[in-house]
Amino acid sequence: MDVISIQLETALLEDDCSVNEIYSICRGKYTFPEFLRADLWTCCLVTHKTDALSHFDEIYDLPFQKLLRQDCQNFIDTLGNDEGDKISVLSDIEAILTFYCKNRNLKYESNNGWIETLMPILSLKLKRTEIYNIFEAIRDTFIPKDNIKHGNVYHVFRLLILYHDPELCAVLDTSKITPDMYANQWFQSLFASTCQLSVVLPIWDLYFQQSDPFLVFFLSLIMLVNRRDEIIGMRKDDKTSIIKFLSNMPCELQADDVVDFCSLAQFYSSRTPSSFKSEMLNQLFGQQTSVEEPIVMSQALCLPVSVYELIENTSQTKEGAVRFFLVDCRPVDQYNSGHLATAFHLDSNLMLTEPTSFQTAVQGLLRAQRSAIDANASGEHLCFLGSGRIEEDQYTHMIIAFFLQKSTQYVSILSGGYAAIHDYFGDGMFDCLEDHDFTRCLVCNKPGAVNRNQASNLFHRHSIATSSPHQQSQMKDKQQPQQKQQFDLFSKLSFAMKTKTSDVKSKLFDYIAHPAANSSVPQKQEEVTERHVSMSEKNGKRYRNLPPVFGLDEDYDHGGNENNEFSSSDEVDSNRVNIQEYIKSMPELVQSFKCQEVQINGAMYDSYLILTKKRIEVIRDLENGMGKVSIKRPLSNIVKITAKKRYRDLITFKYGAHDENGENLIITDMDRFLIPNSQEATKIISKYILQQL
């Protein structure tokens, strides 16, 4: 056996083997050995060991039972098995699909991909109940649930084609060929309907270990991109022949091509804005009976990007990461009333009133983008920004259409426009927006908006409240908001966005480490004795008159780093550790969560958040299953866990203690993470925090 097989076999011997451990061994680059495939699929997919089929009454009385049985028989007849095997397989398929329909209250339809999805699982030679559990997990986790004509899944897929290859998308659109006409079987069976079994098995190996349900979109995208020249060359052929060619493309895939095929899909995924995934996850995946407020993608002009992703990616420097060049298309009067410092202004009115000036402005935009890319200050991904007002954004859409007609790659639009940016920063807009004038800003003056004079004063009072007693005394005496100590996250983000030079990172961390040196407020020297609040000193006051430990707040973030019992990444052991061995050796381990650590400069690191009964630790994933501990915190120091209302997987852990009077809570430090399915993680962590009281 090779080294990977030995490591996988060893991992499976552990009682708590998980998909995270499987991925740390294979890294999305190795398929599973045949003799371990059944156990590894079960480990990656099945989170419960219940025998669901034990509830099946063995009564085959569905209204469409005859159709289901006939389709099963027709499919079995295409197999080369002997008669005894065919009868056994037929019995298993009909029983599993009958119970699945009854259990989920679903209707079976011919050519819905269910039978084809079962075939790779049946090849594992498992018990019927194990086959059902894997089938159910695949359907719930990886197969989009609206595989219908003109369903959202195909609108999203078309937007991805448009994003990466607008010329190819235009050819298909001109021929009136929509993705549901050729990719239906790809999505509803994860290529099991169109690829040979020897190809499907390794594709699914790589798919399941990565746990990314959206990978099917990028696998399908690669199918098209690899044959783009042939497809474009067929633009004058009849529609039927083009659809047939597209539908049969996966049939030519060979087993030796699978690893490269999936690696290319991962590359394209990394070159795509990711916020559409969080927006559409519950819409596209999950139990077929799930009811969600519908998001209609059919009218989307291009791929939408969330304001969170736009802002957080501003300081992204990792090679290959998505970096945006922001184009503000609002009229000049709106732009001059407030804008991001990094935005290039392209007045949408010019397109209609002064076409020549518009063309000149476009050339200036492209030159500015190229200069920004050369200076490593921006990226090649164009994100267009409107006002967020429907009546005005039609002009922004005209500009986007202009660029798409020119076959411009990587075109996206900011969801919610300038209003979303305005709301995202909240009172922090005074530090983050250039030339913001609340008297002329349309968002500030819309009906029901908070008076900006009041907001400015509130923001000033908030800064006073979260400063030290010595700072509070000075600031109250001065009563000058422009001289306040700037500890909030938005000030730091603004600094990063406005500077855009090679020394941004060092200056930003210097600011965080020595905030007083960057403040215009004169500081008096005084001795400060740093200490912790011990368990005996809490006296039940820690959570008095405070919101719950976990809440969906539009929270503010504060700098500083007190002398905690445990500390952040600069002070913990930086030696490399084997991630899975380290997690298993943790005393009083409760659970670990795969996440991304989000730093103040926007950098994001793949990590593992580990919860024990008394503390949390974070291991930053390096390579080859190795990592380093970046954060250690006692649960008793966590005073609040917050999430953005619109970005619920962005979780902030805040640390602090009460002031000397025991009434006001002083936030001393924070950590921020992107945690998939964060509600489960925060619920468990909050439970153990409360046990520390």
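Visitor: Accessible areas here come from the Shrake-Rupley method with a 1.4 Å probe, where for residues only the protein chains shown count as cover, so how much does the chain expose?

Guide: The chain exposes about 32,500 Å², and carbon and sulfur atoms supply 48% of that area. This is a predicted model, in which local features need pLDDT of at least 70 and side-chain atom pairs count only at pLDDT 80 or more, while totals for chains, interfaces and linings use all residues. Residues are numbered from 1 along each chain as its sequence is written, and side-chain values use heavy atoms, with hydrogens and water left out.

Visitor: What share of the residues is buried?

Guide: Of the chain's 693 residues, 54% count as buried, meaning under 20% relative accessible area (1.4 Å probe, protein chains only).

Visitor: And how many helices and strands are there?

Guide: The chain has 29 helices and 16 strands, which are DSSP runs numbered from the N terminus (helices H or I, at least four residues; strands E, at least two).

Visitor: Is helix H2 mostly covered or uncovered?

Guide: Helix H2, residues 19-26, is mostly covered, with eight of its eight residues buried, including Val-19, Tyr-23 and Cys-26.

Visitor: What do those buried residues pack against?

Guide: Their partners, by contact (heavy atoms within 4.5 Å), include helix H1 (3-12), helix H11 (197-210) and strand E10 (589-598). After H2 comes Arg-27, whose phi is positive, near 55 degrees.

Visitor: Switching to helix H21, which of its residues are buried?

Guide: Among them are Glu-392, Asp-393, Ile-399 and Phe-403, and H21 is followed by Ser-407, whose phi is positive, near 60 degrees.

Technical notes
Buried means under 20% relative accessible area, exposed over 50%, partly exposed in between (1.4 Å probe, protein chains only). Accessible areas come from the Shrake-Rupley method with a 1.4 Å probe; for residues, only the protein chains shown count as cover.
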